[in-house]
Amino acid sequence: MDDFKKLIITAAICGAEVTRDINPYLPVTPEELSDEAKKCHDAGATIVHLHVRDREGKPTQDAEIFKKTVRLIREKAPGMIVQVSTGGATWMSAEERLQSLESEPDMATLSTGTTNFGRDVFMNKYGMIERFSAEMHERGIIPEFECFEVGHVNFANYLIKKGLVNLKHYHYDFVLGVPGAAPATVETLSLMKNMIPGGASWCAAGVGRHELNMAAVAIATGGHVRVGMEDNIYIEKGVLAKSNAELVERVVNISKNLNREIAVADEVRRYFGISV
Ligand code: KMH
Ligand code: ZN
């Protein structure tokens with residue numbers, strides 16, 4: 001039984017797919033990303049899920065850009081848990097994707113299976129997952145299992161059972177509503193959350209218009225929440241979010257109305273086994 005009751009909010013502030021053409025408020029430079037992380041932290045987010053961009057605003061896993069961004073986040077939002085993406089963008093090689101780990105983050109995403117991702121394929125072969133997991137283990141970085149499909153939960157469980165991942169605490173993120181992958185429904189979410197091992201925690205990330213509903217269901221059923229422009233760029237129908245912090249604030253308000261307290265970073269660090 002999981003006895004951590006407070007809500008953990010992850011802010012996915014940039015991602016690899018959204019562009020400034022679609023939302024001009026998207027943060028992309030290390031300065032903008034770190035300012036945005038601080039705003040989200042102040043609003044109640046304890047984890048920042050981080051992708052970075054190059055000078056042209058294109059997704060990159062460049063180690064130096066990650067290092068600079070992580071350093072700035074730590075200066076501006078001390079204590080906030082930094083979780084880098086190892087998913088990157090669909091066209092990137094494993095080598096490219098792994099570069100983000102050089103920034104010495106607290107956590108990193110570990111996608112536990114391949115999926116259709118819009119018109120592309122997000123490739124995560126068995127051997128890649130093992131390699132990513134081993135790299136994180138060697139560097140003392142805590143993985144978050146990134147599950148776009150039911151089979152990905154199954155594979156994360158398999159890694160634990162085989163001793164390929166051995167942690168104090170396991171945390172799963174269910175990203176639902178990606179075109180071509182599992183739908184953002186209560187049924188899918190229930191199925192996935194009921195598959196995880198006892199004591200593990202889970203987070204829901206609904207894509208697009210599903211972000212709000214999935215967040216509400218997760219808050220009401222003991223899960224945690226990921227919001228941000230990586231997944232959804234609107235604060236209401238047809239109205240762009242001007243900041244990721246607006247999306248965080250909306251979730252904080254729902255949670256407070258449902259009498260669920262918001263966790264602070266040090267509590268989450270202790271829960272996940274990350275040094276405070
Ligand atoms: N951009 C997606 C293809 C992750 O951050 O680890 C992969 C992704 C997952 O965003
Ligand atoms: Zn991501």
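**Meet ligand 1 and its surroundings**

Ligand 1 is surrounded by Ala-16, Glu-17, His-49, His-51, Ser-85, Gly-87, Gly-88, Thr-90, Thr-109, Phe-117, Phe-122 and Glu-230. Please keep in mind that this is a predicted model. A good place to start looking is the largest pocket, where ligand 1 sits.

**Around the ligand**

- Sorted by class, the shell around ligand 1 is made up of seven polar, three nonpolar and two charged residues.
- Glu-17 places a polar side-chain atom 2.8 Å from a nitrogen atom of ligand 1.
- Ser-85 also has a polar side-chain atom at 2.8 Å, here from an oxygen atom of ligand 1.
- In the side chain of His-49, an N or O atom is 3.1 Å from an oxygen atom of ligand 1.
- On its own, ligand 1 has 300 Å² of accessible area, and the protein covers 99% of that area.

**Inside the protein**

- The largest nonpolar core holds 69 residues.
- Within this core, the residues that touch the most other members are Ile-9, Ile-13, Leu-50, Phe-145, Tyr-172, Phe-174 and Val-248.
- Another core lies apart from that one and has 11 residues, including Phe-4, Ile-8, Ile-47 and Ile-142.

Methods. Residues are numbered from 1 along each chain as its sequence is written. Chains are lettered from A and ligands numbered from 1 in the order in which they are written. This is a predicted model: local features need pLDDT of at least 70, side-chain atom pairs count only at pLDDT 80 or more; totals for chains, interfaces and linings use all residues. Side-chain values use heavy atoms; hydrogens and water are left out. A residue is near a molecule or strand if one of its heavy atoms lies within 4 Å of it. A polar contact is a pair of N or O atoms within 3.5 Å; within protein, one must be able to donate a hydrogen and the other to accept it, and residues adjacent in sequence count only if both atoms are side-chain atoms. Accessible areas come from the Shrake-Rupley method with a 1.4 Å probe; for residues, only the protein chains shown count as cover. On a 1 Å grid over the protein atoms alone, a cavity is a set of points where a 1.4 Å probe fits but cannot get out, and a pocket is an open set with protein on both sides within 12 Å along at least five of seven lines; lining residues have an atom within 4 Å of a point. A molecule sits in a cavity or pocket if more than half of its atoms lie within 2 Å of its grid points. Ala, Val, Leu, Ile, Met, Phe, Trp, Tyr, Cys and Pro count as nonpolar, Asp, Glu, Lys and Arg as charged, and the others, Gly among them, as polar. A nonpolar core is a set of buried Ala, Val, Leu, Ile, Met, Phe, Trp, Tyr and Cys residues joined through side-chain atoms within 4.5 Å. Buried means under 20% relative accessible area, exposed over 50%, partly exposed in between (1.4 Å probe, protein chains only).
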